[in-house]
Amino acid sequence: MNEPLVSTHEKKAVPGEFDRVAKSYDLLSALNPGYERHLRRSAERMGLGPGARILDLCCGTGLSTAQIRAAYPDATITGLDASAGMLERARSKEELADVTWIHGDAMDPAASGAEGPYDGILMAYGLRNVPDPDVCLERLSGLLADGGTICLHEYSVRGSLWATGMWNFVTLGIVIPLGLVFAGTTKIFRYLRRSVLDFDSVAQVEERMRRAGFREVRTEPMSGWQRGVVHSFLAQSPR
Ligand SMILES: C[S@@+](CC[C@H](N)C(=O)[O-])C[C@H]1O[C@@H](n2cnc3c(N)ncnc32)[C@H](O)[C@@H]1O
């Protein structure tokens with residue numbers, strides 16, 4: 001069997017690495033065409049009703065939270081992240097003043113106070129980084145209300161030559177150099193490249209979701225260079 005490109009030890013250090021780039025995260029994301037539009041699309045694809053209770057897991061600086069707010073203006077939103085630096089940026093955003101922010105671990109949100117139940121859970125660029133995705137998904141299935149929806153907004157290129165080539169081109173040619181210029185480090189961006197290459201194929205993510213008990217698992221695409229690279233993995237709660 002091939003050695004994983006990313007170790008569990010390295011994944012546990014990810015929130016600390018995000019602390020180091022928190023100040024430049026929003027600027028770097030703004031340079032990525034479609035970043036926020038695609039988050040909005042994933043939020044909308046959950047198709048939640050009025051007054052929904054929504055968990056934004058691995059919310060970072062609140063870019064995904066803002067797109068949830070735009071899609072569901074009257075929702076009650078909780079944002080959880082393990083990086084104090086990223087959360088500090090999220091907390092400073094006036095337009096997200098009514099969000100409940102939690103400094104906690106996505107591996108066990110309930111242990112940090114995100115107990116649910118939630119009508120919707122959006123986890124954008126999160127599952128790939130947790131040490132045990134299966135345990136994480138199983139716990140998330142328990143946090144969803146009956147009839148609730150989960151959306152994993154995530155990269156998945158394994159098994160697609162085109163998507164893998166595009167990913168290597170974008171990260172080696174653009175993301176890592178821009179990280180050096182704007183954040184003064186390449187470490188987290190080199191990790192980003194390897195972690196995506198190491199991550200599941202689309203079929204494997206779907207299979208993980210089914211194993212965790214989710215129903216009606218389906219995958220929807222993005223547009224632009226992210227087509228075939230970034231996906232909305234959607235599913236309904238086990239009940
Ligand atoms: C790429 S950022 C995405 C932020 C936001 N969802 C967005 O779309 O802009 C990934 C975030 O996941 C967080 N993260 C990584 N591992 C985590 C864990 N085990 N528990 C909670 N947050 C974690 C990082 O701190 C970081 O803020």
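## Ground rules

Helices (H or I, at least four residues) and strands (E, at least two) are DSSP runs here, numbered from the N terminus. Residue numbers start from 1 along each chain, following the sequence as written. What you're looking at is a predicted model, where local features need pLDDT of at least 70, side-chain atom pairs count only at pLDDT 80 or more, and totals for chains, interfaces and linings use all residues.

## The cis proline and two odd phi values

Let's start with Pro-117, which sits in the loop between β3 and β4 (118–124). The peptide bond leading into it from Gly-116 is cis, with omega near 0 degrees. Most residues other than glycine have a negative phi, and most peptide bonds are trans.

Cys-58 goes against the usual phi sign: its phi is positive, about 65 degrees, although it is not a glycine. You'll find Cys-58 in the loop between β1 and α4. It is buried, because 25 other C-beta atoms lie within 10 Å (buried takes 20 or more other C-beta atoms within 10 Å of the residue's own, exposed 12 or fewer, partly exposed falls in between, and C-beta atoms are placed from the backbone). Tyr-125 also has a positive phi, near 60 degrees, and belongs to the loop between β4 and α6 (133–143). Tyr-125 counts as partly exposed, because it has 19 C-beta neighbours inside 10 Å.

## Around the ligand

Cys-58 turns up again at the ligand: 21 residues surround the molecule, and Cys-58, Gly-60, Ala-82, Ser-83 and Ala-106 are the closest. The elements giving two or more residues to this shell are α2 (14–30) and α4 (63–71). To be in the shell, a residue needs its C-beta atom, placed from the backbone, within 6 Å of the ligand.

Helix α2 provides the largest share, three residues. By type, the shell splits into 14 nonpolar, five polar and two charged residues. In that count, Ala, Val, Leu, Ile, Met, Phe, Trp, Tyr, Cys and Pro are nonpolar, Asp, Glu, Lys and Arg are charged, and the others, Gly among them, are polar.

## Strands β1, β2 and β3

Strand β2 (residues 76–81) is largely enclosed by the rest of the structure, because five of its six residues are buried. Strand β1 (residues 53–57) runs parallel to β2 and is joined to it by five bridges; strands pair if DSSP finds at least two bridges between them. Across that pairing, Leu-57 stands opposite Leu-80. With β3 (residues 100–103), β2 shares four bridges, again in parallel, and here Gly-79 stands opposite Trp-101.

The chain gets from β2 to β3 through helix α5 (residues 84–91), in a right-handed β-α-β crossover. Right-handed means that, with the strands pointing away from the viewer, the path from the first strand over the helix to the second runs clockwise. β1, α4 and β2 also form a right-handed β-α-β unit.

## The core and helix α3

The largest nonpolar core has 63 residues, and Ile-54, Ile-68, Ile-121, Leu-122, Met-123 and Ile-150 touch the most other members. Such a core is a set of buried Ala, Val, Leu, Ile, Met, Phe, Trp, Tyr and Cys residues joined through C-beta atoms within 7 Å. Outside its neighbours within four places in sequence, Ile-54 has contacts that include Leu-48, Ile-68, Ile-77 and Leu-122; contact means C-beta atoms, placed from the backbone, within 7 Å.

In helix α3 (residues 35–45), the buried residues are His-38, Leu-39, Arg-41, Ser-42 and Ala-43. They pack against α4, β4, β5 (144–155) and β7 (230–236). Just after α3, Gly-47 takes a positive phi of about 60 degrees.

Key:
Two residues are in contact if their C-beta atoms, placed from the backbone, lie within 7 Å.
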